[in-house]
Amino acid sequence: MAVHASTPIELIEAVYAGLAGAVTHGRDQLGRALTLSEKILIAHLSHRRQELVTGVSYVDLAPDRVAMQDATAQMAWLQFMTAGLDEVAVPTTTHCDHLIEAREDGKRDLLAAADSNEEVYDFLESVCARYGAGFWKPGSGIIHQVVLEQYAFPGGMMIGTDSHTPNAGGLGMLAVGVGGADAVDVMTGFAWNVRWPQIIGVRLTGELSGWSAPKDVILKVAEILTVSGGTGAIVEYFGPGAESLSATGKATICNMGAEIGATTSLFGYDAAMARYLSATGRAEVAAAADAVAEHLRPDDEAMADPAAHYDRVIELDLSQLRPHINGPHTPDRAREVPALGAEARDEGWPLRISAALIGSCTNSSYEDITRAAGIARDAAAKGLRARTQLLVTPGSEQIRATIERDGLLGDFEALGAVVLANACGPCIGQWDRSGDENYVAGQPNVIVTSYNRNFPKRNDGDAATLAFVTSPETVMALALAGTLDFDPVDGVLHTDAGEPVTLPTPVGVELPPDGFDPGRSGFVAPPTDRRSVDVRVSPTSSRLQLLEPFEAWDGNDYHRLAVLVKAKGKFTTDHISMAGPWLRYRGHLENISGNLYLGAVNAFDGYDVGHGKNQLTGQTQPFPQIAEAYHAAGVNWVVIGDQNMGEGSSREHAAMEPRFRGGLVALCRSFARIHETNLKKQGMLPLTFAAPADYDRIDEDDRLSFLGLAELAPGQPVEVEVHKPSGDTISFEARHTFSDDQLEWFKAGAALNIIRQRR
């Protein structure tokens, strides 16, 4: 299988050749016109004779390709290596963007990363070479930006081991974030199994103007749907307002759909996508899409009567949308920018901004940068300066080279900005702030970013940092003000000489007039002779560790499991398996387990974050130490979560670590989609309380039994007995969402064990 730095036109044409038949089949089966999401899903069914019942049926799909970033790719490749195959079954790429820490500037940080991560980069490059995958070197760019520039195409389907994979929806691709085991299924030639989703339609009318940006669309949608309102659903944007947005603006909106729990988000194919495809050297893809354009958007009947075709419809008039800023601690806490100052005073938040950060996979397009750089250029000419630390992250080498050529980086640097590497950096906790004299760890401080996620400790590992997300141009304006108490639209700033200055209305340039400069190529194709490639993992490595299969279920009920953790409130993947400095252990299951539940807020009083009671000794210890002690003693346990457990990242480490340490059951009020699937894939039993109030009936010293597992079947509840230290027993029901196929994952001990058996 030839490997390219872009999706081959032959693959795309093969997908388009089957579209018309798939659409006809779908209309016949569902008895109505189709949404775009349904068209793409049906076109990628592994076989046609499958039930399509919203929220009930599980279907098998055949994605066109797989993309992985370096932090999650390590564990995915380690799993793939155990499958006994000679090459990947679908086009696959690995992108090195997560392991580069922001310390000084892009050039020096990249050199430092190449040195400190040499072992991991060598492993990833060699494993890609051995099994026929494409490899993108460190510095090439953030996975989602590179995918948008190179691989995404309208009507395609991709899965990626990062929750922001839906970024490709900006080009009309149905792209879904998954755990590594899901990716391995597809890489080994098996289907991807997922529940047939709801479709939430967002009808856009009007047109953005002034300071309003595509980022404000998703910040408003996050306010409407909250962090869990998109769970089990695809969010599909349509309407006249959608056609007024650029392809990269659409990508921004789809990217942050991860923050509302959506399976993915996407837009229909239009002229803006065609322009972007042509500008990025893919005019033949645009021509192919034009030929089947009627199948790359919702049916006319669906757009004319959305209530009859979508499970929920949200109406949003872009002309009325004003700049928003969301946070802290959760991406759905929204308000218009002018309201933030008063709210900060009421809440006791600092008004002074300690850092302003522009870029990330969400907002680093040419259009984004031109809007922010234009403000910077005007401000410098009028004698203003940035009144806080200003950091800029280009999304890819192509973006960096182009904005440098066009003088846009110089506009930021004139205000004292530091340009970071083409990588994730502070967006995912890879940010060393120790050299910042205006920052004191542990003291409340405010940062404003154009990123996507703002959980506590997310950006710098400091729970005292209050992070707010907004558009790049609003970040730039707030950096010039240095305070949250500023309205970019109507506010007035003053130069050091005391002269009043107002900021200009941002003006963006959709695509570079002189074309994109590709910069330095970072793509490495596998060699012709792959069998000679040696993929080595040192047995003494602290960063990479070969995997041993998890044990299969023994057919018995689970009796008297200890409660390792009962978490209160947010219990995201950042709480379960932190990123930041722990990224260095993403390829070593035992070492990464040293962060297990370190961010969990104990529901029982008297404990610091990440601490609980060791039932073997009665001592208070960090959760990772307790889990290690239980593992060594052969004590199995259960973890209890609150609402939307596992919100956030796709990282399957949040499922593999508890399984490795002897966890058997995760019981909560509700799950985020990816985390629940990851738990199933690794052989844990994910359950939800049939009555959410039963969460309150579990105490610290209780033991829990899970009964009737031999009769476990789709729709069949599980009986839970809670044994109190007094000798009393209470019982209640818990529910699961296993399909018949997924129950096989549980019985086998992990989905990968089935692949091994079948091979």
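User: Is Ile-199 buried or exposed, and what is its relative accessible area?
Analyst: The model is predicted, so local features need pLDDT of at least 70 and side-chain atom pairs count only at pLDDT 80 or more, whereas totals for chains, interfaces and linings use all residues. Residues are numbered from 1 along each chain as its sequence is written, and side-chain values use heavy atoms, with hydrogens and water left out. Ile-199 belongs to strand 8 (residues 198-205), where helices (H or I, at least four residues) and strands (E, at least two) are DSSP runs numbered from the N terminus. Since buried means under 20% relative accessible area, exposed over 50% and partly exposed in between (1.4 Å probe, protein chains only), Ile-199 counts as buried, with a value of 2%.

User: What distance separates the C-alpha atoms of Ile-199 and Ala-286?
Analyst: Along the chain, Ile-199 and Ala-286 are 87 residues apart. In space, the separation between their C-alpha atoms is 26 Å.

User: Which residues of helix 7 are buried?
Analyst: Helix 7 spans residues 143-150 and is mostly covered, with seven of its eight residues buried. The buried ones are Ile-143, His-144, Gln-145, Val-146, Val-147, Leu-148 and Glu-149.

User: Which residues that line the largest cavity are the closest to its centre?
Analyst: A cavity is a set of points, on a 1 Å grid over the protein atoms alone, where a 1.4 Å probe fits but cannot get out, and lining residues have an atom within 4 Å of a point. The structure holds seven cavities of 30 Å³ or more, a volume being the space filled by probe spheres set on the grid points, which are joined across faces, edges and corners. The largest cavity encloses about 190 Å³. Among the 24 residues lining this largest cavity, the closest to its centre are Gln-69, His-98, Asp-162, Ile-428 and Arg-458.

User: How many residues in the lining of the largest cavity are charged?
Analyst: The classes place Ala, Val, Leu, Ile, Met, Phe, Trp, Tyr, Cys and Pro as nonpolar, Asp, Glu, Lys and Arg as charged, and the others, Gly among them, as polar. On this basis the lining of the largest cavity holds eight nonpolar and ten polar residues, while the number of charged ones is six.

User: What is the volume of the second largest cavity?
Analyst: The lining of the second largest cavity divides into six nonpolar, nine polar and two charged residues. The volume of this second largest cavity is about 150 Å³.

User: How many residues apart are Arg-531 and Asp-86, in the loops that the pair links?
Analyst: A search of the whole structure gives 42 salt bridges, each being a side-chain nitrogen of Lys or Arg within 4 Å of a carboxyl oxygen of Asp or Glu. One of them joins the side chains of Arg-531 and Asp-86, at 3.6 Å from N to O. Arg-531 lies in the loop between strand 21 (523-524) and strand 22 (558-566), and Asp-86 in the loop between helix 4 (70-81) and strand 3 (92-95), so that distant parts of the chain are linked across a number of residues equal to 445.

User: Are Lys-681 and Asp-182 buried or exposed?
Analyst: Lys-681 forms a salt bridge with Asp-182, the closest N and O atoms being 3.1 Å apart. This pair links helix 23 (residues 673-681), which holds Lys-681, to helix 8 (residues 180-187), which holds Asp-182, 499 residues away along the chain. Both Lys-681 and Asp-182 are buried.

User: In which helix do Glu-223 and Lys-220 both lie?
Analyst: The side chains of Glu-223 and Lys-220 meet in a salt bridge at 3.0 Å, N to O. Glu-223 is partly exposed at 34% relative accessibility, and Lys-220 is likewise partly exposed at 25%. These two residues lie three residues apart, about one turn of the helix, in helix 9 (residues 214-225).

User: What is the order of the strands that close into a barrel?
Analyst: Strands pair if DSSP finds at least two bridges between them, and strand 27 (residues 685-689) and strand 30 (residues 729-735) pair in the antiparallel sense over two bridges. In the barrel, seven strands close with mixed pairing, in the order 22-25-26-27-30-29-28.

User: What is the phi of Asn-644?
Analyst: Asn-644 lies in the loop between strand 25 (637-640) and helix 22 (653-660), and is buried at a relative accessible area of 7%. Its phi is positive although Asn-644 is a residue other than glycine, with a value near 55°.

Note on methods
On a 1 Å grid over the protein atoms alone, a cavity is a set of points where a 1.4 Å probe fits but cannot get out, and a pocket is an open set with protein on both sides within 12 Å along at least five of seven lines; lining residues have an atom within 4 Å of a point.
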